[in-house]
Structures are given as structure tokens and as C-alpha cells.
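These are my notebook entries on one protein structure. I set down what I looked up, one topic at a time.

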Amino acid sequence: IGVAEPATPIFEGRFILDLDSLRVKPGEVVALRLRAQDNCPYYPERSGHSPILNLTVAAPADDPEALALRQGQLSNALHELVQWQRASLGATSALRDLAVAGQAPAG
């Protein structure tokens with residue numbers, strides 16, 4: 001009587017890597033390997049590991065969502081700057097008009 005090898009289970013999941021804590025930069029490679037161990041007393045090899053998975057850290061510009069977010073932030077900042085410039089131009093024009101009229105600014 002033959003003994004069938006146990007089926008290799010497949011577990012799917014998501015993992016979050018905190019790249020800031022790893023202090024990696026765009027273009028660098030992070031090598032990952034998953035290791036699992038169980039407490040089954042009937043199977044002598046109670047641990048296993050995955051093949052090594054090499055991940056290249058992408059630059060923010062390589063991520064379309066990050067790029068779109070950054071473009072939106074820059075657009076908002078430019079809009080605020082234009083609004084500030086318009087307000088400053090209005091205040092400067094008012095001061096010019098007072099100076100031409102020989103009047104002191106209020107305040």
C-alpha cells in the first residue's frame with residue numbers, strides 16, 4: 001500500500017511592506033521569501049518556504065495613481081498661488097492709487 005504525499009495547500013493573501021522602515025530607494029531590489037511552519041507531529045518536514053521573490057522599488061512617477069495624486073496636489077498649489085498673486089496685485093494697486101493721490105494707507 002502506497003502512502004499519498006500530502007497536497008501542498010495554497011494560501012492567498014495581501015501583505016503590506018513599509019518601505020520607509022526598510023530605507024529603500026526607487027530602483028533598489030527587495031528580496032522576499034515566505035516561510036511557514038506547522039506543529040504536525042506525523043510529518044517530519046514541518047516547515048517550508050517559497051522561492052525568493054525579487055521586487056524592484058518603483059519611483060513615484062512609475063505609479064500612475066501616485067503621479068495623478070501628485071499632479072492634483074501641484075495643480076491645487078498653483079491655483080492657490082495664482083489666487084494669492086491676484087490678491088497681492090489688488091493690494092499693491094490700491095497702495096499705488098493712494099500714493100498717486102497723495103494719501104496715506106489706512107491702518
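**Entry 1: a charged pair.** Which side chain meets that of Arg96 in a salt bridge? I found that the partner is Asp97, with a distance of 3.0 Å from N to O. I note that the model is a predicted one. My search of the whole structure returned 1 salt bridge. As a general point, side chains of opposite charge can pair when their charged atoms come close. I then looked up the exposure of Asp97. Its relative accessible area is 44%, and because partly exposed covers values between 20% and 50%, Asp97 is partly exposed.

**Entry 2: the whole chain.** I counted 2 helices and 4 strands in the protein chain. Read from the N terminus, the order of elements is α-β-β-β-β-α. I recorded an accessible surface of about 10100 Å², and carbon and sulfur atoms hold 59% of that surface. The chain has 107 residues, of which 2% are buried. I also looked at contacts with a separation of 6 or more: 37% of these join residues 24 or more positions apart.

**Entry 3: helix 2.** I checked whether the length of this helix agrees with its residue count. Helix 2 covers residues 64–101, which is 38 residues. At 1.5 Å a residue the expected span is 56 Å, and the C-alpha atoms at its ends lie 55 Å apart, so the two values agree. Just after helix 2 I noted Gly102, which has a positive phi of about 75°.

**Entry 4: a nonpolar patch.** Which residues form a nonpolar patch on the surface? I listed Leu17, Leu19, Leu22, Leu53 and Leu55, which together have about 390 Å² of accessible area. Helix 1 (19–22) and strand 4 (53–56) each give two or more residues to this patch. I looked at one member more closely: Leu19 is placed in helix 1. Leu19 has 32% relative accessibility, and therefore counts as partly exposed.

**Entry 5: Gly27.** Where does Gly27 lie? I located Gly27 in the loop between helix 1 and strand 1 (29–32). Is Gly27 buried or exposed? Its relative accessibility is 52%, and exposed means over 50%, so Gly27 counts as exposed. I next compared sequence with space: Gly27 and Leu55 are 28 residues apart in sequence, while their C-alpha atoms are 9.5 Å apart. Leaving out residues up to four places away in sequence, I found that Gly27 touches Thr56 and Val57.

How values were computed:
Residues are numbered from 1 along each chain as its sequence is written. This is a predicted model: local features need pLDDT of at least 70, side-chain atom pairs count only at pLDDT 80 or more; totals for chains, interfaces and linings use all residues. Side-chain values use heavy atoms; hydrogens and water are left out. Patches are made of residues with over 30% relative accessible area and no salt bridge: like charges are joined within 9 Å, nonpolar side chains (Val, Leu, Ile, Met, Phe, Trp, Tyr) within 5 Å. Accessible areas come from the Shrake-Rupley method with a 1.4 Å probe; for residues, only the protein chains shown count as cover. A salt bridge is a side-chain nitrogen of Lys or Arg within 4 Å of a carboxyl oxygen of Asp or Glu. Buried means under 20% relative accessible area, exposed over 50%, partly exposed in between (1.4 Å probe, protein chains only). Contact means heavy atoms within 4.5 Å. The expected span of a helix is 1.5 Å times one less than its number of residues.
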